[in-house]
Amino acid sequence: MRPARRRARREAAAMSAPQHRRTALERVEKFLSETYFTDCNLRGRLFGASCPAASVSCFQSRRRLPYAEAVGQQFRPARVGDAFGPTWETCWFKVELSIPQAWAGQEVHFVWESDGEGMVWRDAQPVQGLTREGEKTSYILTSSLKETEPHSLTLYVELACNGLFGAGKGSMIAPPDPDKRFTLSKAELAIFNRDVYELLVDLEILLDMAQLLGEENQRSFQALYAANQMVNLCDVTDPSTFPAARRLAAAIFSQKNGESQHTIHAMGHCHIDTAWLWPYEETIRKCARSWVTVVRLMECNPELTFVCSQAQQFEWVRCWYPGLYTQIQDYVAKGRFVPVGGTWVEMDGNLPSGESMVRQFLQGQRFFQQQFGRICSEFWLPDTFGYSAQLPQLMRGSGIRRFLTQKLCWNLVNTFPHHTFFWEGIDGSRVLAHFPPGDSYGMHGRVEEMLKTVKNNKDKGRVNHSAFLFGFGDGGGGPTQKMLDRMKRMSDTDGLPRVQISTPDRLFSALERESSQLCTWVGELFLELHNGTYTTQAQIKKGNRECERILHDVEVLSTLALARGGKFQYPASELQRLWRLLLLNQFHDVLPGSCIQLVVEDALRYYTEIRRAGALLQEEAVQSLCGELLQPKSESAESTLVLNTLPWDRTEVISRPGPTGAETLALVTAPSMGYSVAREPLLPPQPVSVMKQEDGSVAMENGVIAVCLDTMGRLTSLRLAHSERESVPDGCCANQFALFDDIPLYWDAWDVMDYHLETRKPVTTLLKPLEVTLAGGLRGSASFSLRIGERSTLTQEIILDAACPYIRFLTQVEWKEAHKFLKVEFPVQVRSTNATYEIQFGHLQRPTHWNTSWDWARFEVWAHKWLDLSEHGFGVALLNDSKYGASAHRNILSLSLLRAPKSPDAMADIAHHQFTYAVMPHRGSFQDAGVIQCAYNLNFPLHTVPASSAQCPAWSAFSVSSPAVVLEAVKQAEDRPEAVVVRLYEAHGSTVRTWLQTSLPVKEAMLCDFLERPDARSCLPLEQQGMRLSFTPFQVLSVLLVLRQ
Ligand SMILES: [Zn+2]
């Protein structure tokens, strides 16, 4: 039969057939199936003729080599079907292709299939990422082969021996299988039938509409009958029958919506975890593979936009793939490749200090400004495990008023009530927050996702716009042509939301216009899941806290050295390098501890580097600041130089080398942000007394606090000296260790579940009973050892210093557990329905009861340096030097110490650990009692250096008159070597005015934002005492001080 007559018969038949919904649906399904009837259905016709590669050869390396080095190696023959490995190696393939002459006029693809992640190189440039998991197996060689085109060519494929999600053994988050092999399953040329593809996409959308709009919706039936008729019209062997079928689909797609329809703002996206189930180094290649693919898509799809965060990833591509980076810069300039986020990496939202978060924005925004000529206007943290209540103020101070995430849809207990709302932080700063209502950042442009975006939206009627981020994510991948082609068909189709390719700016501008009826959420965005990440990988947590301290101290001391004049060069570029390492490790799978062992090793190496380089910088700054006071190497030490990097005077016991070389103790005093020379040791107002009782218990007292310890090191009594007020409830013991079973439902390193609380076992196996180790005077101490579980032990030294208002617990743990959780508990005789926790630049309260589901879902929370439980006039604070997990239930304060998850790092936390915490009973409020200052003191020990016998008065660079205000950071201004930036915050939650006094030669002072952009209207008058500053509760102020040269 001639094609024209056959087509006519098909069209006639299509008019009259009766329809049964179920058989029609399944008939269309089978017509598209990849599994069934591919011998006669449409899907089976997607590719036409194929021909194998003329030759394939390979070279394998353990290192990730640059292209130029790799292609110069010796390649050996390889075949399709071969397997390569083991895990983390790289296999380079040289592929010779010869396109048959007979394919003239055809669209020709290079088809490459492997379970490893591939990058195609052509003419020494990366051109296309190929990953089966990311639905990318074709590199288009030509859309229509011409006679004049070269028919022979050579490509290289760089194959990483890992998948999009690493190489987990058996499950995604299982530790990587070190011996995994990756198979090359296809390497060939093939004709791609574009007309079949377009018809497949049409039918897929119609089928989805038919299935998902439901039987109550007439559009469902319209779509179904159109699809069924299209099947009738199509003769899969005769492409001339396709246009009529496509016209039927187009007729449905072009039936428009009403004016009130919801608008979906679709943006290409590719969430790339900066390290997670793969190491940092692999991420560099993931960025290149994903982004070069986006650039290819942009060339063919002029409407495509792509939203991209994390300055660090841009910086990697800039260094390692300069050609690709130039192309990206072009698309950024065109507004299509859109940098967002404003931070160095998508960091954890809970654990980094306030200053670290400021630096995330400072390093990020400055990078975007320098590279692309503009800062980001949206904060972008779609995948992070909770959001500090201080973030709105940090965003606002960094040029950002808009925030996007979606992670709170992972809440295990309560459904967050909004998708679009104002988020208000602890200081009252507000930003507009949007959660894409489809609850994902990795959409595929499907009908189902569009319908969910509208249906799930909690702010229906208030706003009519939603974000829709499409593209494979987490391990990279990004958007595909098919995702775009699906959405083109849905741009304005009755029954479906309106879908437009958009940008964050267009979305948020639309939301801002509609914001008059939005609700406001005040305080933290707490994720009711992943609360094990406050504790997992304790050495990473410790490295973070310690390196935050090191960089703080180096900056303070270097700035003082700079301001003192002389030849000192502020180490600006070295500090930037070290900050960037610290900020990198704050990525949301590294600092939380949810990464593989390889990443942990990298992270710990970076901390080691910060410690090493930080020590050198500190030594240089101290040498410059007070070189004439330092002791010449040959002399014996007579005096000690004491440096204090905190903004208040301190009197503390230090340990210093004595005349015989042995360490001796001394009580010294040092002024606020300055130094003094200690010659004659001070006498304590009252020496520490240590008394061992007949029953083995020990009593210690220093005139400030008094404590009784039982033989297991537990506190049976804790009092303020000269007071009868007892902190430990009758019959209870504080400093009680407890071990819990810790088996979550799935996310091992991430989650501790509520039911772990039902498995509590107090640790009571004594290895070595309490004995006195220092008899008192300037310091008293006692130590003991416990067995924890089968294989682990704990040794603790309990230390009380003269004049110190807290007692310290220096703890060593040999930890060899599996799925156990170690905490230490302090039951206290204090009644309050709320406990207070330190957060970035402030604190907040959380309930101590479990009244509602919102209360008990916070059974495990995070804090920084302290938490406190107070009633009127009295309270007890728990301080720490490297812990973040905590809880306060009823009257028990708990600090979370160690976990032992097995995925994705089977060796997580199996190590020796050392950490310190402290307990501090106090009169009055924690603010008035100085808990905040004591927690700083515990974390920022005084620095001591042997000094010469030269005379020298104490010197202070800065002091603040109000105890409510903390001077947190002191640094050289970016790009202004003659200026200094100081950052202060109100820490009590009060409105105050204060003096900032300085002995530095300041000639001009003005407020600036976190990006150090001065506010010209806010020049601060300089007076004798310095300058006056006004604060509202938890306000953070940055002041730019221009120095006299
Ligand atoms: Zn992530």
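This passage describes salt bridges and the surroundings of one glutamine in a predicted model.

A search of the whole predicted structure finds 57 salt bridges, and three individual pairs, together with one network, are considered here. The side chains of Arg21 and Glu215 meet in one such bridge, with an N to O distance of 3.8 Å. This pair links distant parts of the chain, the two residues being 194 positions apart: Arg21 belongs to helix α2, which spans residues 21–32, whereas Glu215 is located in the loop between α4 (194–212) and α5 (218–233). The partners also fall into separate classes of accessibility, since Arg21 has a relative accessible area of 16% and is therefore buried, the limit for that class being under 20%, while Glu215, with a relative accessible area of 58%, is exposed because the corresponding limit is over 50%.

A second bridge is formed between the side chains of Arg402 and Glu378, for which the N to O distance is 3.2 Å. Arg402 lies in strand β16 (residues 402–404) and Glu378 in strand β15 (residues 378–380), so that the salt bridge ties together parts of the chain that are 24 residues apart in sequence. In this case both partners are buried, Arg402 having a relative accessibility of 8% and Glu378 one of 2%.

In a third pair, Arg976 forms a salt bridge with Glu978, and the closest N and O atoms are 3.2 Å apart. Here Arg976 is partly exposed, at 29% relative accessibility, and Glu978 is likewise partly exposed, with a relative accessible area of 24%. Beyond these pairs, salt bridges also join residues into a network, whose members are Arg64, Glu117, Glu158, Glu281, Glu282, Arg285, Lys286 and Arg289.

Attention then turns to Gln371, which is found in helix α10, a helix that covers residues 354–372. With a relative accessibility of 22%, Gln371 counts as partly exposed, because buried residues are those under 20%. When neighbours within four places in sequence are left aside, Gln371 is in contact with Arg318, Tyr325 and Gln329. With Tyr325, the interaction includes a polar contact between the two side chains, at a distance of 2.8 Å. The position of Gln371 can further be related to that of Ala311, from which Gln371 is separated by 60 residues in sequence but by 9.8 Å in space, as given by the C-alpha to C-alpha distance.

Terms used. Residues numbered from 1 in each chain as written. Predicted model: local features only at pLDDT ≥ 70, side-chain atom pairs only at ≥ 80, totals over all residues. Heavy atoms only, no water. Helix = DSSP H or I, 4+ residues; strand = E, 2+ residues; numbered from the N terminus. Buried < 20%, exposed > 50% of the residue type's maximum accessible area, 1.4 Å probe, protein only. Contact = heavy atoms within 4.5 Å. Polar contact = N/O pair within 3.5 Å; in protein donor to acceptor, adjacent residues only side chain to side chain. Salt bridge = Lys/Arg side-chain N within 4 Å of Asp/Glu carboxyl O.
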